[in-house]
Amino acid sequence: MSITDFIAGLPKAELHVHHVGSVSPRIVSELAERHPGVVPSDPDALREFFEFRDFAHFVEVYLAVVDLIRTPEDVRMLTYEVAREMSEGQQLRYAELTVTPYNSTVRGMGIEPFTEAIEDARVAAERDFGLVLRWIYDIPGESGIPAAEATLDYALNHAPDALVGFGLGGPEIGVPRPQFKPHFDAARAAGLRSVPHAGETTGPETVWDAVRLLGAERIGHGTSSAQDPELLAHLARHGIVLEVCPTSNIATRAVETLDVHPLRTFVEAGVPVTINSDDPPMFGTTLNEEYAVAADLLDLDEAGVATLAHTAVAASYAPDDVKERVHAEIDGYLAEHG
Ligand SMILES: [Zn+2]
């Protein structure tokens, strides 16, 4: 069995993957039929539109998809179909989806119908696909304090049953992390885990801010941590996890080429890392491909790849019984195919 085939069948968990960023051309074509005029609904034309060209085009695709999500039924269908593809295509058993409810409420959807739609889809996905989903509510940093206030309100006063974390995304340049400290303080006080993006497009000081001010337990990307040995030592000592998304880093130019990706530096410094796909169809990748990239960068055999999968389960906020089950599934798979 090739390592690619091994990865394709390996049961996995994913911790850094965006809700809207996960929709495939197949799902968008369904939305485009419901809401004509935004993007082509013809599957071939749509696939072409989706093809990753550069970051500006990625933003265009992303915003076009956001514009197609208009009703709670759109949210429900999208979430359920994303779960289907995660389960059938990537052998995911557990995923924490980063959801940005503000992008829907600011376009007029009520938070209650939104919450109901994602929860309906989650329950159905677990029943139909055996995929356990949890949510991370993410502040879209570009929308500033009003978005932070609203997202905190949704997390505290309208929380879906499966909400486990509080995040922060969007651009880093011009969006300093310290301004969000009160929101993270309140979310953490309510029992949510702190998982902001940091150090993707800015230097290690942003990661320090995320750790010191926002109480980050995991960092989205954290790419620039590699420039600061003291920071790497801190992350390793405190078991703060970096959610690494290699292809995304190339697409956004956070890293120039895969050859110089800092993944190996993280591992050699003892920092726990998980492998993730971020916005997979929009970056032309899949979680399986990201595992293959990681296996290549780290020279991993089957057992090494299985260890990456175990790390994701261990670093997740899944219920204990789910963690035990997925760990056991990974071990069983390795015993049979390793
Ligand atoms: Zn992300």
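**Exercise 1. Locate Gln91 and state its backbone and burial status.**

Step 1. Gln91 sits in the loop between α5 (72-90) and β2 (92-99), where helices (H or I, at least four residues) and strands (E, at least two) are DSSP runs numbered from the N terminus. Residues are numbered from 1 along each chain as its sequence is written. The model is predicted: local features need pLDDT of at least 70, side-chain atom pairs count only at pLDDT 80 or more, and totals for chains, interfaces and linings use all residues.

Step 2. The phi of Gln91 is near 55°, a positive value in a residue other than glycine.

Step 3. Gln91 counts as partly exposed because it has 19 C-beta neighbours inside 10 Å. A residue is buried if 20 or more other C-beta atoms, placed from the backbone, lie within 10 Å of its own, exposed if 12 or fewer, and partly exposed in between.

**Exercise 2. Treat His221 in the same manner.**

Step 1. His221 belongs to strand β7.

Step 2. Its phi is positive, about 75°, although His221 is not a glycine.

Step 3. With 27 other C-beta atoms within 10 Å, His221 is buried.

**Exercise 3. Describe the packing of α14 and α15.**

Step 1. Helix α14 (residues 287-298) and helix α15 (residues 302-314) pack at an angle of about 120°, with their axes 10 Å apart. Axes are lines fitted to C-alpha atoms, for helices over the stretch in contact, and angles run from 0 to 180 degrees between N-to-C directions.

Step 2. The angle therefore makes α14 oblique to α15; angles under 35 degrees count as roughly parallel, over 145 as roughly antiparallel, 65 to 115 as roughly perpendicular and the rest as oblique.

Step 3. Tyr291, Ala294, Ala295 and Leu298 of α14 meet Gly304, Val305 and Leu308 of α15, a contact requiring C-beta atoms, placed from the backbone, within 7 Å.

Step 4. By class, this contact of α14 with α15 has six nonpolar, one polar and no charged residues. Ala, Val, Leu, Ile, Met, Phe, Trp, Tyr, Cys and Pro count as nonpolar, Asp, Glu, Lys and Arg as charged, and the others, Gly among them, as polar.

**Exercise 4. Identify the buried residues of α10 and what covers them.**

Step 1. In helix α10 (residues 204-212), the buried residues are Pro204, Thr206, Val207, Asp209, Ala210 and Val211.

Step 2. Their cover includes β6 (197-198), β7 (218-221) and α11 (229-238).

Notes: Contact = placed C-beta atoms within 7 Å.
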